[in-house]
Amino acid sequence: MFEQSQIQEFKEAFGCIDQDRDGVIKKQDLKETYGQLGKLNVNDEELEEMLNEGKGPINFTVFLTLFGEKLNGTDPEDTILAAFKLFDPNGTGFVNKDEFKRLLMNQADKFTAEEVDQAFALAPIDPTGNIDYKSLCYIITHGDEKEES
């Protein structure tokens with residue numbers, strides 16, 4: 001999932017957080033790490049919530065897995081599909097590229113034209129200008145074969 005250099009960086013970060021050097025990140029480790037960063041008022045509930053993401057003791061393997069999910073993680077494929085279906089009331093499996101671009105640039109977080117172009121770079125767009133959003137969802141959640149070769 002990660003390159004060797006990334007794993008080494010995560011190992012260093014884990015070592016910084018594992019204050020007592022026992023190979024497991026515990027609440028006291030997190031509290032001390034926050035203290036070193038100047039945040040002294042972190043409450044126990046916040047710390048417990050962080051630790052519970054590991055669903056057990058947070059050793060380096062669990063730490064790496066959690067970061068993998070956070071960094072590579074996107075919403076589940078069905079959630080992304082459901083979002084696209086809002087723009088496809090007839091259930092065709094496609095959304096019009098130009099209309100979708102207009103929405104991305106004028107609603108909510110407002111993409112720039114460059115950001116839209118980047119987003120569309122991997123999008124499967126047919127000759128009539130429609131995005132196959134089911135294929136796009138797969139690319140978002142599983143990666144693009146072209147990238148890996």
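Angles between helix axes under 35 degrees count as roughly parallel, over 145 as roughly antiparallel and 65 to 115 as roughly perpendicular, while the rest count as oblique. In this predicted model, helix α6 (residues 97-106) and helix α7 (residues 113-120) pack at an angle of about 135 degrees. The two helices, α6 and α7, are therefore oblique to each other. Their axes lie 10 Å apart, and the crossing of α6 and α7 is right-handed. On the α6 side, the contact is made by Lys97, Phe100, Lys101, Leu104 and Met105; on the α7 side, Ala113, Val116, Asp117 and Phe120 take part. Sorted by class, the contact of α6 with α7 comprises six nonpolar and three charged residues, with no polar ones.

Helix α6 also holds Glu99. Glu99 has a relative accessible area of 37%. Buried residues have under 20% and exposed residues over 50%, so Glu99 is partly exposed. Along the chain, Glu99 and Asn130 are 31 residues apart, yet their C-alpha atoms are separated by 9.5 Å.

A second helix pair can be read in a similar manner. Helices α2 and α3 pack at an angle of about 120 degrees, with their axes 10 Å apart. By the criterion given at the outset, α2 and α3 are therefore oblique to each other. The crossing of α2 and α3 is right-handed. Here Lys27, Leu30, Lys31 and Tyr34 of α2 meet Asp44, Leu47, Glu48, Met50 and Leu51 of α3. By class, this contact of α2 with α3 has five nonpolar residues and four charged ones, and no polar residues.

The burial pattern within α2 adds to this picture. Helix α2 spans residues 27-36, and its buried residues are Asp29, Leu30 and Thr33. Viewed down the axis of α2, these buried residues fall within an arc of 95 degrees, so they line one face of the helix. The underlying geometry is general: an α-helix has 3.6 residues a turn, so residues three or four places apart point the same way. The buried residues of α2 pack against two helices, α1 (4-17) and α3 (44-52). Leu30 thus has two roles in the description, because Leu30 is among the buried residues that line one face of α2 and is also one of the α2 residues that meet α3. Just after α2 comes Gly38, which takes a positive phi of about 95 degrees.

Notes: Residues numbered from 1 in each chain as written. Predicted model: local features only at pLDDT ≥ 70, side-chain atom pairs only at ≥ 80, totals over all residues. Heavy atoms only, no water. Buried < 20%, exposed > 50% of the residue type's maximum accessible area, 1.4 Å probe, protein only. Helix = DSSP H or I, 4+ residues; strand = E, 2+ residues; numbered from the N terminus. Arc of directions from axis to C-beta. Contact = heavy atoms within 4.5 Å. Axes fitted to C-alpha atoms, helices over the stretch in contact; angles between N-to-C directions. Left-handed = near helix turned anticlockwise from the far one by under 90°. Nonpolar A, V, L, I, M, F, W, Y, C, P; charged D, E, K, R; others polar.
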